[in-house]
Amino acid sequence: MPSFPTGGHVFVFVCAGCGAELTAPLSQVALPAHAHQTYGNGVQLPVLMEPGTFAVESESWGLAWPSREKGAPDAAAVLGIHASADGLPSANVTDSFVIAPGDTRGTVLIPEKSSGCCCGLDGADGPNMACEVCGLPVASRIDDCSLWQAVWLAPNAVHRHAVGDSTPAPLPWADVTAAAVGTPPYEPIASWGGRQRGLYHWWSWSPRWEAAAGRALAHLLAGSGGRPVSVPHGLTAEVFQRALDALLSTDGPTLHAALAGPDLPAPDTDADLLLVPEHPQTGEPWAPAGGTSAYLVPLPLGVWLWLAFPEPHLPADPPPQALPLELLRDDPPPPLPGRLFHIDAGVFRHTLLRLPTARDPWLRNVLENLPTHVRTGLF
């Protein structure tokens with residue numbers, strides 16, 4: 001079950017050809033920041049969506065521009081893309097739906113739609129799952145290395161039907177945060193290959209954090225106007241400050257970013273930017289009850305929780321009936337990553353291109369120099 005109460009309407013997706021049910025009952029949640037992330041080389045990533053949930057993708061992540069005809073609307077404007085760059089996504093935008101593979105029903109794999117993959121299925125040949133009843137291609141199963149495991153339902157081949165008549169309102173923040181769980185910044189990463197046969201593991205920064213930081217950094221830059229920005233000390237600075245110092249000017253007074261959200265004291269009125277959680281159902285950023293003039297920088301709820309309320313890796317006090325102090329041997333803390341934090345360049349670029357301030361010359365320069373920043377290890 002999801003790590004937070006989903007609430008909201010429940011839907012079942014059915015085949016557009018014959019009406020057969022293709023999924024279990026699902027509740028809608030916000031699309032994860034890492035939905036389209038490609039991480040590492042040969043890495044085995046887990047399932048993208050939690051059981052019993054689905055998310056809607058309203059943007060195309062394809063790489064081919066359509067041909068432009070005289071008098072046709074600008075494709076970048078249609079997509080909300082505000083800066084010129086190579087490899088922009090296609091303007092053929094149609095809502096698609098992503099679910100956990102275990103929530104599919106009544107489907108079969110299409111064997112001939114499995115070429116071009118490395119360690120699994122990548123969906124490059126189009127839908128690779130068909131309706132078991134009528135044979136209509138209805139979805140793409142993704143489980144290749146370095147990609148999040150998911151099933152993407154083909155938008156023109158499925159319909160969603162509501163289960164029940166009522167449409168409950170999104171859950172209040174108090175209910176969401178009461179059951180939410182923080183996302184740890186470090187985790188073991190599994191990969192195929194190397195000298196060993198099968199899987200091997202190492203401890204690394206969380207891919208979820210790198211994707212979340214890519215989206216948040218785009219907003220931090222957009223809200224800065226090019227001026228220097230400082231973030232709170234500790235883990236927040238470890239994640240963001242190096243990139244902010246490298247990408248922003250040192251001229252002018254420094255803007256201050258602060259953490260704000262439910263269960264925290266009222267935000268600092270001197271803060272110019274607020275790092276806030278997104279509602280896990282709607283994706284809307286939290287905002288102070290009385291409003292604010294500060295720029296809101298969205299973070300996934302699990303990442304924000306860990307920044308706002310960091311969890312210790314070890315108990316603060318020795319357990320009762322412990323060995324004498326001179327003999328006490330604490331369990332070692334989990335190993336730290338062997339490198340500095342790297343922000344996900346793909347998520348950063350995708351987000352920044354869709355912000356109106358991306359037209360500013362200094363931000364266009366950041367986008368043009370992104371490959372250099374990747375080579376230097378900033379991303």
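The legends below describe close-up views of a predicted model.

**View 1. Surroundings of Glu278 in the loop between strands E15 and E16.** Strand E15 covers residues 273-277 and strand E16 covers residues 295-299, with Glu278 in the loop between them. Glu278 has a relative accessible area of 13% and is therefore buried, the cut-off being under 20%. Its side chain forms a polar contact of 2.5 Å with the side chain of Arg215. Beyond its neighbours within four places in sequence, Glu278 is in contact with Trp173, Arg215, Gly283, Glu284, Pro285, Pro298, Leu299, Pro300 and Leu301.

**View 2. The largest nonpolar core.** This core has 58 residues. Leu217, Leu221, Phe240, Leu244, Phe348 and Phe379 are the residues with the most contacts inside the core. Helix H3, residues 207-224, supplies the largest share, with 9 residues. Another core, of 19 residues, lies apart from the largest one, and Val56, Phe97, Met129 and Ala154 are among its members. In soluble globular proteins, nonpolar side chains tend to be buried together.

**View 3. Contacts of Phe379.** Phe379 is one of the residues with the most contacts inside the largest nonpolar core. When its neighbours within four places in sequence are left aside, Phe379 is in contact with Leu217, Leu247, His342, Ile343, Asp344, Ala345, Phe348, Leu370, His373 and Val374.

**View 4. Helix H5 and the elements packed against it.** Helix H5 spans residues 301-308 and is mostly covered, with 8 of its 8 residues buried. These buried residues are Leu301, Gly302, Val303, Trp304, Leu305, Trp306, Leu307 and Ala308. They pack against three helices, H2 (173-179), H3 and H4 (235-247), and against strands E14 (255-259), E15 and E16. Leu301 of H5 is also among the residues in contact with Glu278.

**View 5. Ser146, a loop residue with positive phi.** Ser146 is found in the loop between strand E8 (137-142) and strand E9 (150-153). Its phi is about 70°, although Ser146 is not a glycine. Most residues other than glycine have a negative phi. At 4% relative accessibility, Ser146 is buried.

**View 6. Asp263, a loop residue with positive phi.** Asp263 is found in the loop between E14 and E15. Its phi is about 75°, although Asp263 is not a glycine. The relative accessibility of Asp263 is 59%, so this residue counts as exposed, for which the cut-off is over 50%. Ser146, by contrast, counts as buried.

Key:
Residues are numbered from 1 along each chain as its sequence is written. This is a predicted model: local features need pLDDT of at least 70, side-chain atom pairs count only at pLDDT 80 or more; totals for chains, interfaces and linings use all residues. Side-chain values use heavy atoms; hydrogens and water are left out. Helices (H or I, at least four residues) and strands (E, at least two) are DSSP runs, numbered from the N terminus. Buried means under 20% relative accessible area, exposed over 50%, partly exposed in between (1.4 Å probe, protein chains only). A polar contact is a pair of N or O atoms within 3.5 Å; within protein, one must be able to donate a hydrogen and the other to accept it, and residues adjacent in sequence count only if both atoms are side-chain atoms. Contact means heavy atoms within 4.5 Å. A nonpolar core is a set of buried Ala, Val, Leu, Ile, Met, Phe, Trp, Tyr and Cys residues joined through side-chain atoms within 4.5 Å.
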